[in-house]
Amino acid sequence: MTLAAGAAYANPVAPGDVSFSDTGAIAESLTGTPGDAASGAKVLADRGAGNCVACHKISSLDAAFQGTVGPSLDGVGDRWDSAQLRGLVANAKHTFPGTIMPSFYKTAGYIRPGDEFSGKAAKGDLQPLLSAEQVEDVVAFLTTLKQQ
Amino acid sequence: MLRTTTALAVGLIATATLGWADADENELVVNGEIEITTHAPAPAYVDGLTEIYSGWRFREPDTQLTQMDDFDNPAFLAVDAAQITWDTVEGEAGKSCASCHGDVMESMKGVRATYPKWNETAGEVRTLAMQINDCRTENLKAEPYDYTSGKMTAMEALISVPSRGMPVNVAVDGPVQSTWEQGKEMYYTRYGQLELSCANCHEDNYGNYIRADHLSQGQINGFPVYRLKNTKLNQVQDRFQGCIRDTRAETFSAGSPEFVALELYVASRGNGLGVEAPSVRN
């Protein structure tokens, strides 16, 4: 995606407009503003938001019952740069084809999407699982996860 | 008399290790006499598994123990109620289930192990729930039960009791084959906004924890299941709905052709496990 020069990031990049590199990274911030790591930590732990701890263990996070479906995210900031982390959170299937990890910044291409957790059909346009701002906050937090 | 008292001297070993924990090694013997197979080789048509395990093997020892004596198993309150229903005349035909089938513990032996199955007369795949309702409407001339109602699950539980310990043996070919294929396709479909299939959780990740939940293989040899969480018997298609709802998807309705197909397929993945119903889970 190319932003017209000077078109400040007044609006976040819409899920359908995000472009991924060959490795699944997203070079540019979705909001144009740096994310807030502390808010990101909350998104990771919150059942109603990212609920990343359902599948991942993050030792520094104070959240009960962290899952084992995905790899531990300890040290993830050493393994990936922020562009790659942004891509992983937005749609990890570009990095790991077929992964079980849900795509958090996507609104189309679902089979029988529901209206949240009601079991009923979705009404109207779908919202991504996380907002652009939440994605940036999560990325900001993940980059702080260094081993030393 | 459905219940047997047994002095259980069972020492179930708590494998309380943190993090990854596979199926445990405990053995299921109910009332000190009914040995139930909870681990078997996977049927050849299940590509993604080599071994199959009952959900019992993934539960905490105290939950496991509750299922080992019918006096402790809360599902038997419903079983006792269904026994009364079985013997009670209801409907325009002036009959009870017992009028035609006699003693449920004799006439229904082995039945639970083979459902869902093909009904030649009707030319359809029938779940046990469908058969119960068919007998209610056609033979008793009574109202059908709601598919996942308490009365239905209780009757399913009663009918399951004489099959406990018998190997699940659901047909997958012949007239049921196309339905079975439909169920298989559903099992691997990634539904909902979380894009998760049954296989993502119950084939690829059994033994892992998803948040606080220890994932089993999602076998249905134990259904109906008494859940400590909602303190009632749960119908198998009710469980399917819950799992699909958790993927942020639009579920299917209980008794729908889709869920009949899914039930047949999931049941067949457990061919070789012993019938456990009514079982206890958290």
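Tutor: Let's start with a definition: by relative accessible area, buried means under 20%, exposed over 50%, and partly exposed in between (1.4 Å probe, protein chains only). You're looking at a predicted model, where local features need pLDDT of at least 70, side-chain atom pairs count only at pLDDT 80 or more, and totals for chains, interfaces and linings use all residues. Residues are numbered from 1 along each chain as its sequence is written, chains are lettered from A and ligands numbered from 1 in the order in which they are written, and side-chain values use heavy atoms, with hydrogens and water left out.

Student: Why is B:Cys243 called partly exposed?

Tutor: B:Cys243 has a relative accessible area of 32%, and partly exposed is the class between 20% and 50%. B:Cys243 sits in helix α10 (residues 236–245) of chain B; helices here are DSSP runs of H or I, at least four residues, strands are runs of E, at least two, and both are numbered from the N terminus. The unreviewed UniProt entry lists B:Cys243 under "active site", though such annotations may be inferred rather than shown by experiment.

Student: How do you know whether B:Cys243 is in a disulfide?

Tutor: Check the sulfurs: the nearest cysteine sulfur, from B:Cys198, is 7.5 Å away, while a disulfide needs a pair of cysteine sulfur atoms within 2.5 Å. So B:Cys243 is in no disulfide. A search of the whole structure finds zero disulfides over all chains. B:Cys97 is in none either, with the nearest cysteine sulfur, that of B:Cys135, 7.6 Å away.

Student: And what makes B:Cys97 buried?

Tutor: B:Cys97 comes in at 18% relative accessibility, and the buried class is anything under 20%.

Student: Why is the contact between B:Asp47 and B:Lys184 called a salt bridge?

Tutor: The closest N and O atoms of B:Asp47 and B:Lys184 are 3.9 Å apart. A salt bridge asks for a side-chain nitrogen of Lys or Arg within 4 Å of a carboxyl oxygen of Asp or Glu, so the pair qualifies. The pair links distant parts of the chain: B:Asp47 is in the loop between β3 (39–41) and β4 (51–53), B:Lys184 in helix α8, 137 residues apart. At 63% relative accessible area, B:Asp47 is exposed, while B:Lys184, at 22%, counts as partly exposed.

Student: What makes the salt bridge of B:Glu195 with A:Lys93 one that joins two chains?

Tutor: The N to O distance is 3.3 Å for B:Glu195 and A:Lys93. B:Glu195 lies in the loop between α8 and α9 of chain B and A:Lys93 in the loop between α3 (82–91) and α4 (132–143) of chain A, so the pair joins two chains. Both B:Glu195 and A:Lys93 are buried. These two and A:Lys106 are linked in a network of salt bridges. The structure holds 16 salt bridges over all chains.

Student: How do you know where the buried residues of α8(B) fall around the axis?

Tutor: Helix α8 (residues 177–187) of chain B has B:Thr179, B:Trp180, B:Gly183, B:Met186 and B:Tyr187 as its buried residues. Seen down the axis of α8(B), they fall within an arc of 120° (from the directions of the helix axis to the C-beta atoms), so they line one face of the helix. The face turned away carries exposed B:Ser178 and B:Glu185. The buried residues pack against β6 (124–126), α9 (198–202) and α11 (257–269) of chain B, where contact means heavy atoms within 4.5 Å.
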